[in-house]
Amino acid sequence: MEVNNKWLCYNEEQKNLAYEFCEGYKDFLSNSKTERESIKNAIALAEANGFRNINDLIKNNEKLNPGDKVYAINMNKAIVLFVIGEEAFEKGLNIVGAHIDSPRLDLKCNPIYENSGFCLLDTHYYGGIKKYQWVTTPLALHGIVCKKDGTKIDFVIGENEDDPVFAITDLLPHLDKDKQNRKEVIEGEELDLIVGNIPDKDEKENPIAKNIMNLLNELGIEEDDFLSAEIEVVPSGRARDFGLDRSMILGYGHDDRSCAYSSLKAILGVKNPKRTAVCLLVDKEEIGSVGATGMKSKFFENMVAEVMNLFEGYQELKFKRCLNHSCMISSDVTAGYDPVWPAPMNKKTEAFLSRGISFNKFTGHRGKSEANDANPEFIARLRKICEDNKILFQFNEMGKVDAGGGGTIAYILAEYGMEVIDAGIPLLSMHAPWEVASKLDIYESYRFYDVFLNSFE
Ligand code: MN
Ligand code: MN
């Protein structure tokens, strides 16, 4: 038995609470396969829990008071939620932040073509993927098409039992001798999915593609509309219990919707905090946190200014103090020790599934490059919070020294001078179409984000 596995720390009731929490998570994960779907579902949960859209308050010239709950949306791809505290903003905020984008394939802007009797869709992958993992697995299309007349068509094809699915094919092993010697078994331009095989009877040139376009026309989509569309190709199917003991969950997008969901659930439960509590869910982490909806955009800063203005009036110096005095948990996943793939991992310092929320003092690569390196003064406070609340936790780094590395949004918030640390859920098969997480870690992360958001020092 793995000595540090924490399942035996739970009594039957605690185990049931963790399993119950994860039922909600599996639903959220199964219905939130794109950033837009994640935000839509986050808004629904927020409104059901008394959060109001900040635009309504601004429009009606309403003031915010301690205990009030507001949220703001950025381009339907990021959200920030606040529960107003008793203290002045210059005392700082308690922030948990996660990302809601996940590695996937995106359709190109002119994706549809015909070859040898098939209609195919051309993709460009998003985020770090091992391309061979995305072939011969059922895929679904989740997207939005924006028409010139201003209408938007949202659609999902490939998730319902009676929906068709799509796939990227691969060679049979009998004829694959040459390809096996290639450096990349599957290359980016080979990630094209087959979507049809019946010709249109009147079309001469590309009859199969024409027939597929006819079917898309029924949804209101014309070929030119792909120019103003975001269509994501994701694994088809729901998140499911994993293991005979049901201790884990197999799902698409645990990175980072497992931390996003547990962070969101934590802020939904915050009532009358001393410090204002904030949950931030952002896009584009997987491609460097860039763009208008990524962590590097000014959205977060601007919304803190708006909320401060509605609460106590905006003042630049106090606003700067507010960010400077804030504390942040960058809630993102980390690598879990994989018994089948031990080579790049250091067993002494690796995160393990079912040992609780995993704190990473630093991420980065090669001598901690580009890492936020959390301060021990801050870590000591968090250790106390964990111990006082009996939260199961572990401290880790990702992989052996010089084995590789990774980043999160932590260093971006740290630029304001606030205390930041990474703490989240260890995964197996990170960035694969189906990732694995432990129910215990998901639940303990939620419990930690909850007590952190309510903490005051
Ligand atoms: Mn991540
Ligand atoms: Mn990632």
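**Figure 1. Coordination of the manganese ion (ligand 1) in the predicted model.** The manganese ion (ligand 1) is coordinated at 2.2 to 2.6 Å by His99 (NE2), Asp255 (OD), Asp332 (OD) and Asp332 (OD). Donors are N, O and S atoms within 2.8 Å of the metal (3.2 Å for Na, K and Ca); water is not among the atoms, so sites may look incomplete. The spacing of these donor residues in sequence is H-x155-D-x76-D. Distant parts of the chain are linked by the pair of His99, in strand β4 (residues 94-99), and Asp332, in the loop between β14 (327-330) and β15 (334-335), 233 residues apart. Helices (H or I, at least four residues) and strands (E, at least two) are DSSP runs, numbered from the N terminus. His99 counts as buried at 1% relative accessibility, and Asp332 counts as buried at 7%. Buried denotes under 20% relative accessible area, exposed over 50%, and partly exposed in between (1.4 Å probe, protein chains only).

**Figure 2. Coordination of the manganese ion (ligand 2).** Asp255 (OD), Glu286 (OE), Glu286 (OE) and His431 (NE2) are the protein donors, lying 2.1 to 2.5 Å from the manganese ion (ligand 2). Their residues follow the sequence spacing D-x30-E-x144-H. Asp255 belongs to helix α6 (residues 254-268) and His431 to the loop between β21 (426-428) and β22 (435-438), so the pair ties together parts that are 176 residues apart in sequence. Asp255 and His431 are both buried.

**Figure 3. Asp255 as the bridge between the two manganese ions.** The manganese ion (ligand 1) and the manganese ion (ligand 2), bridged by Asp255, lie 3.5 Å apart.

**Figure 4. The loop that holds Lys204.** Lys204 is found between β9 (192-196) and α5 (207-218). With a relative accessible area of 74%, Lys204 is exposed. Its C-alpha atom is separated by 29 Å from that of Gly158, 46 residues apart along the chain.

**Figure 5. The chain as context for the close-up views.** The chain has 11 helices and 22 strands, and its C-alpha trace spans about 70 × 60 × 45 Å along the principal axes. Of the 457 residues, 53% count as buried.

**Notes.** Residues are numbered from 1 along each chain as its sequence is written, while chains are lettered from A and ligands numbered from 1 in the order in which they are written. In this predicted model, local features need pLDDT of at least 70, side-chain atom pairs count only at pLDDT 80 or more, and totals for chains, interfaces and linings use all residues, whereas side-chain values use heavy atoms, with hydrogens and water left out.
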